Amino acid sequence: FFFLMIRRPPRSTQSRSSAASDVYKRQEDISCSNCKSTRRYNCTLSTSCSLLPSLLEHEIQYGQGQVNGRGFKELVSLNREGTATTEQTGLLISRMKNLENFAGDGIVGLSFTDFHGGIPTFLDSLANAGYIKSRVFSVYLSNNPYSEGIVDSQITFGGYNPIFLEDSFSYFPVLDNTPYWEILLSSVSINDQSLKISRRSAVLDTGTTFLHIPHDEFASFQRVFDSVFGPCNFESSPFICQCDGAKMEHLPQLVFTIDNHEFIMSGEDYIVRDRDYCLLSIGAPTVYNKWILGTNFLRKHYTLYDAENKQVGIGKARDLSRRQDHIVFIMMLISIGLIMFLLALITFLLHRGESRLGSGGDVSPSKAINLI
């Protein structure tokens, strides 16, 4: 989650999702019968909110749920201090389905404008207002989602933070005619055993916790895991397999190959042991019948989403939960701080010299906004 201020007077809300395009907000002035969040937005109490007659009733469909409501416009900022304030079109929710236990107060979609009637996304609004140079954002997910401090998850608007990247990005084009950050898989294997896949499109989605497998490939997946663990329960959520100590030492490794680049998930990345059982953070097929690479995949990889060039960058994420990487992280922060200080000092001296000559100058700052 990251925080947005979404009303005047200030009040913050938790939001997330890279796969959707729209903004939706749970609200209290239009009764939401099954919204469980105790923090709700009231348009009538905000001096900057306006309801949209053209969107009296609208529906947004997600992978495993949907919301209904009416359109509104409101000023949205990145934090309580009002950083990067833009006017945003969104939806005030009156009804939810299969999202009742969603932990946040709303969703900020960061996909593409093309598929939603030309309404600018939050990313578009930041770029149009000049807060960022290009419609790019990147996501780093901490290995410990409940951690606090220097290993928190982070979203960067307008670029990426090299501190979180272990090596470099590999870039892959987003498929045509899709509203999602959807790329093409070359192959999928489990323990060096290739699955015969007919569905090759995969969606990267920060709003999905598990890895989801298409209907067409699910039977092959079941056979492989039954052969490793014995019969598993694929009717439960999460999936459950029996596993003893010996099996834990040989957990299946998942390998996703994209354009000759291999992205590996070890057993520890998607399997949790609970006494004599293994719980798989792998979900049943969704209504979209696509591979969905959720947060268990994204925690292993630092991802960059480039709406300008319609491409996705994937690189190995630095594991900042390890002590040695904490030290590296701190040293990099110190180095960056020193570089910024020196640049500021040089800029000051240059301006001082130019002012003595009767002329001025301007140095543009880096156009990237980090949110933790």
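This short talk covers one small set of strands, the helix across it, and a cavity in the same model.

Hi everyone! Please keep in mind that we are looking at a predicted model.

Let's begin with the sheet. It is an open sheet of three strands, ordered 17-21-20, and the pairing is antiparallel. Which strands stand at the edges? They are strand 17, residues 239-242, and strand 20, residues 271-274. Each of them has a single partner strand, so one side of each is left without a neighbour in the sheet. If you look at how the strands sit against each other, neighbours in this sheet are turned by 30° on average, ignoring direction.

Now let's zoom in on one pair. Strand 17 pairs with strand 21, residues 277-280, in the antiparallel sense, over four bridges. To find one of these on your screen, go to isoleucine 240: its bridge partner in strand 21 is leucine 279.

Next, the helix. Helix 2, made of residues 215-229, lies across strand 17, strand 20 and strand 21. Against strand 17, helix 2 runs at about 30°.

Finally, the cavities. How many cavities of 30 Å³ or more are there? The count comes to two. I'd like to show you the second largest, which holds about 40 Å³ of space. Its lining includes Val188, Ile190, Leu254, Phe256 and Trp291. Strand 13 (187-190) and strand 18 (254-258) are the elements that give two or more residues to that lining. And what kinds of residues line this second largest cavity: nonpolar, polar or charged? Ten are nonpolar, with no polar and no charged ones.

Thanks for listening!

Conventions
Residues are numbered from 1 along each chain as its sequence is written. This is a predicted model: local features need pLDDT of at least 70, side-chain atom pairs count only at pLDDT 80 or more; totals for chains, interfaces and linings use all residues. Side-chain values use heavy atoms; hydrogens and water are left out. Two strands pair if DSSP finds at least two bridges between them. Axes are lines fitted to C-alpha atoms, for helices over the stretch in contact, and angles run from 0 to 180 degrees between N-to-C directions. Contact means heavy atoms within 4.5 Å. On a 1 Å grid over the protein atoms alone, a cavity is a set of points where a 1.4 Å probe fits but cannot get out, and a pocket is an open set with protein on both sides within 12 Å along at least five of seven lines; lining residues have an atom within 4 Å of a point. Grid points are joined across faces, edges and corners, and a volume is the space filled by probe spheres set on the points. Ala, Val, Leu, Ile, Met, Phe, Trp, Tyr, Cys and Pro count as nonpolar, Asp, Glu, Lys and Arg as charged, and the others, Gly among them, as polar.
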